[in-house]
Amino acid sequence: MKIKKLLALTLATAFVVGSFVGCGSNNTKEETNSNESTNGGEEIYFLNFKPEIADVYKKVAEEYEAETGVKVKIETAASGTYEQTLKSEIAKKDAPTIFQINGPVGYESWKDYCLDLKDTELYSHLLDKTLAVTSGEGVYGIPYAVEGYGIIYNDEIMQKYLALENKDTDIKSVEDINNFDTLKAVVEDMQANKDELGIQGVFASTSMAAGNAWRWETHLANIPLYYEFKDNAEEGQNPLQVGLAAEEIEFKYNENYKNIYDLYTNNSVSEKGVLGNKSVDDSMAEFALGDCVMVQNGNWAWSQINGIDGNTVKEENIKFLPIYTGMEGEENQGLCIGTENYLAINSQVSEEKQQASIDFINWLFTSDTGKAYVTGDLGFISPFDTFNDDEKPSDPLSKEVINWMEKDNIETIKWTFQAFPSQNFKDTFAGALLEYVQGTQDWDYVVTTVKDSWKSERAQ
């Protein structure tokens with residue numbers, strides 16, 4: 001199936017709301033280019049919210065300047081601080097000319113700064129126009145990447161486990177792992193045989209340090225709430241729309257969430273008591289160095305894995321499993337796939353800078369040089385018709401996402417975390433999880449906290 005058709009079919013029902021979840025773990029804002037312009041008023045400024053690809057954007061900026069003479073300043077917000085950073089930067093004289101909004105909800109906050117992009121060339125290339133952030137006849141945010149997440153695993157260690165003579169499970173291949181019960185049995189047996197497998201634990205550390213819990217309070221929480229919203233949806237209604245309208249939640253499938261969260265923390269490289277100090281960088285390093293077999297993350301994590309000094313995991317051994325939680329019928333469940341990336345142009349800067357910014361993002365997604373970065377170092381699965389079948393991402397995790405998208409009779413889990421009411425809700429969720437994993441509160445406390453926080457945030 002061609003990538004154009006694939007993306008259109010996969011994303012056609014997506015309701016375009018984004019969420020600023022840090023898909024990375026840098027802890028400081030990074031400025032990758034000088035503030036000084038070498039090209040007069042045409043210097044542009046892109047405020048990036050994905051720390052794990054900040055270094056790549058630096059190379060993109062240098063390449064663009066060399067090719068066009070236009071200087072691109074790129075700064076990167078620390079993980080989980082994009083909204084706060086944008087509020088600070090947008091008020092400055094040297095404000096971002098390109099920034100990102102979290103869908104229609106974010107547009108309401110930033111509409112005074114969002115330029116109408118309906119007449120831009122880049123928008124004309126968008127495969128599914130319904131993905132754009134719109135208001136009336138205007139287009140104010142253009143999605144630029146499709147992403148997926150699940151359980152990343154090291155197939156070399158997995159194959160070593162499958163060959164064990166004393167293993168307690170009867171699975172013969174990874175394809176046999178298609179539900180939570182089987183996953184749990186395999187994980188616990190691997191943990192029991194960790195010395196023979198040469199690992200410190202099956203899962204990387206469940207990072208609960210401040211600003212690093214987005215994999216749990218956002219990405220993992222997406223799964224039970226997707227199913228809850230799906231249950232409450234009318235025929236043909238997108239579960240995300242249900243979530244956006246929900247004044248409160250039942251947290252109906254909280255036990256399913258607990259299933260997988262407990263599996264992560266009970267069979268880990270790290271003891272539960274130290275998780276409050278663990279970062280995403282820590283967990284990705286553990287996976288890259290072969291200390292564990294599995295880690296929950298998305299295709300954006302390839303740059304982190306590949307960039308770890310001493311990385312022992314070969315590209316051909318990096319694979320994805322869906323996040324199984326014990327839901328009925330999950331044998332046909334796939335990865336969680338969607339988009340949270342919407343580019344906006346600052347309407348408050350000069351027309352010259354607006355056009356220079358539009359030219360830059362158009363170059364990135366339509367020129368041969370730009371597209372090589374998109375599918376190569378950036379690893380984006382692009383939603384534009386400018387990419388042909390030979391221009392798919394080359395990194396192993398993006399290829400895995402595409403493979404899962406192409407599987408027959410597999411239900412992709414849509415990104416409903418975009419309906420979560422606020423960052424405060426997610427922070428509150430993470431705080432309750434930390435208390436639970438440290439043993440100072442029970443699971444009922446987590447459930448009550450999550451439900452109460454959703455209701456109070458929506459009431460504001």
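This report describes the overall dimensions of a predicted protein model and the interface between its two assigned domains.

## Overall fold and dimensions

In this predicted model, the protein chain contains 18 helices and 12 strands. Its radius of gyration is 22 Å, close to the 23 Å that the globule rule gives for 460 residues, so the chain is as compact as a globular protein of that length. Taken along the principal axes, the box filled by the C-alpha atoms of the protein chain is roughly 70 × 50 × 40 Å.

## Domain arrangement

The protein chain is divided into domain 1, made up of 44–146 + 339–387, and domain 2, made up of 148–338 + 411–459. The centres of domain 1 and domain 2, taken over C-alpha atoms, are separated by 29 Å, and the contact draws on 9 residues from domain 1 and 11 residues from domain 2.

## Character of the interface

Between domain 1 and domain 2 an area of about 870 Å² is buried, with carbon and sulfur atoms giving 48% of this area. By class, the side of domain 1 that touches domain 2 consists of 3 nonpolar, 3 polar and 3 charged residues.

As for specific interactions, the rule finds 0 salt bridges across the interface of domain 1 and domain 2, whereas 4 residue pairs, with both residues at pLDDT 80 or more, are counted in polar contact between domain 1 and domain 2.

Notes
Residues are numbered from 1 along each chain as its sequence is written. This is a predicted model: local features need pLDDT of at least 70, side-chain atom pairs count only at pLDDT 80 or more; totals for chains, interfaces and linings use all residues. Side-chain values use heavy atoms; hydrogens and water are left out. Domain bounds come from an automatic or database domain assignment. Contact means heavy atoms within 4.5 Å. Buried area is the accessible area (1.4 Å probe) that two parts lose on being put together, summed over both. A salt bridge is a side-chain nitrogen of Lys or Arg within 4 Å of a carboxyl oxygen of Asp or Glu. A polar contact is a pair of N or O atoms within 3.5 Å; within protein, one must be able to donate a hydrogen and the other to accept it, and residues adjacent in sequence count only if both atoms are side-chain atoms. Ala, Val, Leu, Ile, Met, Phe, Trp, Tyr, Cys and Pro count as nonpolar, Asp, Glu, Lys and Arg as charged, and the others, Gly among them, as polar. Helices (H or I, at least four residues) and strands (E, at least two) are DSSP runs, numbered from the N terminus. The radius of gyration is taken over C-alpha atoms; the globule rule is 2.2 Å times the number of residues to the power 0.38.
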